[in-house]
Amino acid sequence: MRIIAILLFLFFTGPNNFGQNVFDPDLKPYLDKAEPVFPFGVASGDPQQNGVVIWTKILDQNADNQPVSWEVATDTTLQNVVQLGTEDIKEKIAFTVKIFVENLSPGTTYFYRFKYKNTYSPIGRTKTAPDGNPNKLRFAVVSCADFQGGEFNAYGHIAQRTDIDVIVHLGDYIYESGAGQWGTKRNRPVASRVHIPASTCTSLRDYRTRYAQYRLDAQLRECHRLHPFITIWDDHEISNNVNAGEKGPQWDKREAAARQAYFEWLPIKDNPEHSIIRSFSFGNLAEMWMLDSRLEGRSPQAKGLHDPNLGSMERHMLGGKQTDWLLNGMANSKARWKIMGNQVIFSPMHDSKVFDRRPALRMDRWDGYPAEQQHIFDFFYQNNIQNIIVVTGDVHTAWAFELTARPLDKGFYDPKTGKGVIGAEFVTPSVTSFNLDELLGTLPRLVAAIGKRRFKKNKYNPHLRYVDLIRHGYFTLTLTPEKAQADWYFIKRKDRVDLKIGKKKRRAINYNGNHISKK
Ligand SMILES: [Fe+2]
């Protein structure tokens with residue numbers, strides 16, 4: 001009897017029995033198998049020239065108001081500690097520990113760890129943003145990682161690289177859908193990867209549980225441990241194709257829960273509004289504006305190309321305040337490269353017949369908000385802003401566009417001379433989420449190949465310089481004072497853990513250049 005009582009006591013109070021308010025009970029078997037105390041590892045993010053966010057989460061329901069200590073050092077064994085401190089753990093933010101470590105040096109690699117009671121966390125590695133005139137900067141750009149869509153091999157591949165300064169995550173870090181409810185069967189190649197909770201996330205506990213499940217994935221966890229992240233959400237951190245026009249108390253509660261969970265789980269600098277809109281400086285080489293094209297100002301989707309309201313000035317993607325912030329920032333920036341970190345395709349694009357069957361795809365991107373798209377382009381041309389690189393996620397496919405406002409207007413844009421080009425847009429494929437062949441029912445590879453041929457026709461998209469509709473992976477954006485270069489790394493498979501790259505592709509644009517080239 002006594003033994004049973006002790007076992008029961010351990011079950012209900014032990015470090016692996018998280019407070020009932022935090023996680024869905026279905027997660028318990030996974031937590032039981034994970035590392036005690038620090039099952040979600042460590043993470044870092046929002047690198048600035050003088051500091052960086054470090055993150056962890058303590059798995060102990062008795063940790064409320066208990067101290068956790070942290071230290072940051074310049075060496076892998078943490079002998080040369082440069083900053084340290086202690087923080088009180090708070091249950092109300094699900095035992096999240098997030099610190100913006102200040103007084104660090106620019107462009108420097110650091111190592112950090114946490115200590116709770118007698119247990120140390122894994123040692124994380126991070127890097128601050130450079131100042132001055134860096135001669136090179138490399139981002140790994142990712143988006144759309146559906147846990148049910150297969151193994152996170154793209155994350156695994158990035159984790160083992162040592163030539164990445166920061167990972168830029170453009171959203172769909174989680175998918176809110178219930179078990180088996182998103183994508184097609186063809187895109188669920190690993191039977192054991194089933195969403196928890198089983199229903200669509202709507203409450204704070206649901207979202208927390210979903211993030212926890214994703215962060216128990218070893219490849220994602222390792223990626224966070226070894227690289228700082230700059231993240232923005234897309235729609236699936238909240239709800240499919242969400243916009244800022246959603247209304248009502250039920251919705252407000254859900255949105256607040258989604259925002260809170262995001263800020264609890266991602267190594268993003270805290271702010272009272274739980275806003276993801278912010279900018280980053282990388283010395284004179286680059287400045288980057290991270291946008292919220294979902295919750296901040298987005299009007300509901302138009303009904304299609306024939307919707308009389310499609311072109312209305314009253315319809316917004318970013319909203320006036322965010323647009324002004326972006327455009328003023330870009331006009332005043334002294335950086336050579338101006339990066340827009342954005343969710344949905346910004347370039348005007350002519351859909352092939354394949355995509356025309358799904359008009360919602362078009363209405364979801366900037367082409368569905370043509371007045372604001374035009375306003376931004378007009379500002380760029382009128383203020384002679386060039387060397388703009390738009391980095392985009394969301395569509396689960398890889399693209400490169402010469403950035404121009406009117407690709408089909410021969411007087412405005414000339415694909416031969418590059419007249420009318422002010423930069424480039426590079427789009428990252430999904431880590432795992434379904435893309436064209438996984439979406440199609442019959443002859444998927446053939447139909448995808450036909451779709452690709454149509455997209456690439458000059459009469460449709462003369463500014464399109466690369467497209468891949470069927471592979472998964474990520475791209476790196478390498479910036480030097482002379483060039484901005486995108487290298488796509490397509491993983492070979494996602495039905496098992498495998499870091500092999502099946503295909504690579506490169507596109508680049510020179511500084512003050514007006515052509516995307518293959519090298
Ligand atoms: Fe997605």
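Student: Why does H396 count as buried in this structure?

Tutor: In this predicted model, H396 has a relative accessibility of 6%, and buried means under 20% relative accessible area, so the 6% of H396 places the residue in the buried class.

Student: What makes H396 a donor of the iron ion, and which other residues are donors?

Tutor: An atom qualifies as a donor if it is N, O or S and within 2.8 Å of the metal. The NE2 atom of H396, the SG atom of C144, the OD atom of D172 and the OH atom of Y175 lie 2.1 to 2.5 Å from the iron ion, so these atoms satisfy the cut-off and are its protein donors.

Student: Why is the arrangement around the iron ion called irregular?

Tutor: The angles that the four donor atoms subtend run from 88 to 168°, whereas a tetrahedral site with four donors needs all angles between 85 and 135 degrees. The upper value of 168° lies outside that range, so the tetrahedral label is excluded, and the arrangement is classed as irregular.

Student: How are the donors spaced along the chain, and what do Y175 and H396 tie together?

Tutor: The donors follow the spacing C-x27-D-x2-Y-x220-H. Y175 sits in the loop between β10 (166-169) and α4 (204-215), while H396 sits in the loop between β15 (388-392) and β16 (398-402), so this pair ties together parts 221 residues apart in sequence.

Student: Is Y175 buried or exposed?

Tutor: Y175 has a relative accessible area of 0%, and since the limit for buried is under 20%, Y175 is therefore buried.

Student: Turning to the sheet, why do β12 and β18 count as edge strands?

Tutor: The open sheet has seven strands, in the order β12-β13-β14-β15-β17-β16-β18, with mixed pairing. Both β12 (278-282) and β18 (464-468) have a single partner strand, so one side of each lacks a neighbour in the sheet. From one strand to the next, the twist averages 15°.

Student: How do you know that β12 and β13 are paired?

Tutor: Two strands pair if there are at least two bridges between them, and β12 is joined to β13 (residues 286-290) by five bridges, the two strands running antiparallel. Within strand β12 lies S281, whose bridge partner in β13 is E287.

Student: Why is S281 called partly exposed?

Tutor: Its relative accessibility is 32%, and because buried requires under 20% and exposed over 50%, the value for S281 falls in between.

Student: What makes the pair of S281 and Q49 a polar contact?

Tutor: The side chains of S281 and Q49 are joined at 3.4 Å, and the cut-off for a pair of N or O atoms is within 3.5 Å, so the distance meets the requirement.

Student: How does D437 stand against the limits for burial and for polar contacts?

Tutor: D437, placed in helix α11 (residues 436-439), has 8% relative accessibility and therefore counts as buried, the limit being under 20%. The side chains of D437 and R445 are joined by a polar contact of 3.1 Å, a value within 3.5 Å.

Student: Why is I276 called buried, and what does I276 touch?

Tutor: I276, in the loop between α6 (249-265) and β12, has a relative accessible area of 0% and is therefore buried. Leaving aside neighbours within four places in sequence, the contacts of I276 include I232, W233, Y262 and F263.

Technical notes
Residues numbered from 1 in each chain as written. Predicted model: local features only at pLDDT ≥ 70, side-chain atom pairs only at ≥ 80, totals over all residues. Heavy atoms only, no water. Donors = N, O, S within 2.8 Å, 3.2 Å for Na, K, Ca; no water. Tetrahedral: all angles 85-135°; square planar, octahedral: opposite > 155°, others 65-115°. Helix = DSSP H or I, 4+ residues; strand = E, 2+ residues; numbered from the N terminus. Buried < 20%, exposed > 50% of the residue type's maximum accessible area, 1.4 Å probe, protein only. Axes fitted to C-alpha atoms, helices over the stretch in contact; angles between N-to-C directions. Polar contact = N/O pair within 3.5 Å; in protein donor to acceptor, adjacent residues only side chain to side chain. Contact = heavy atoms within 4.5 Å.
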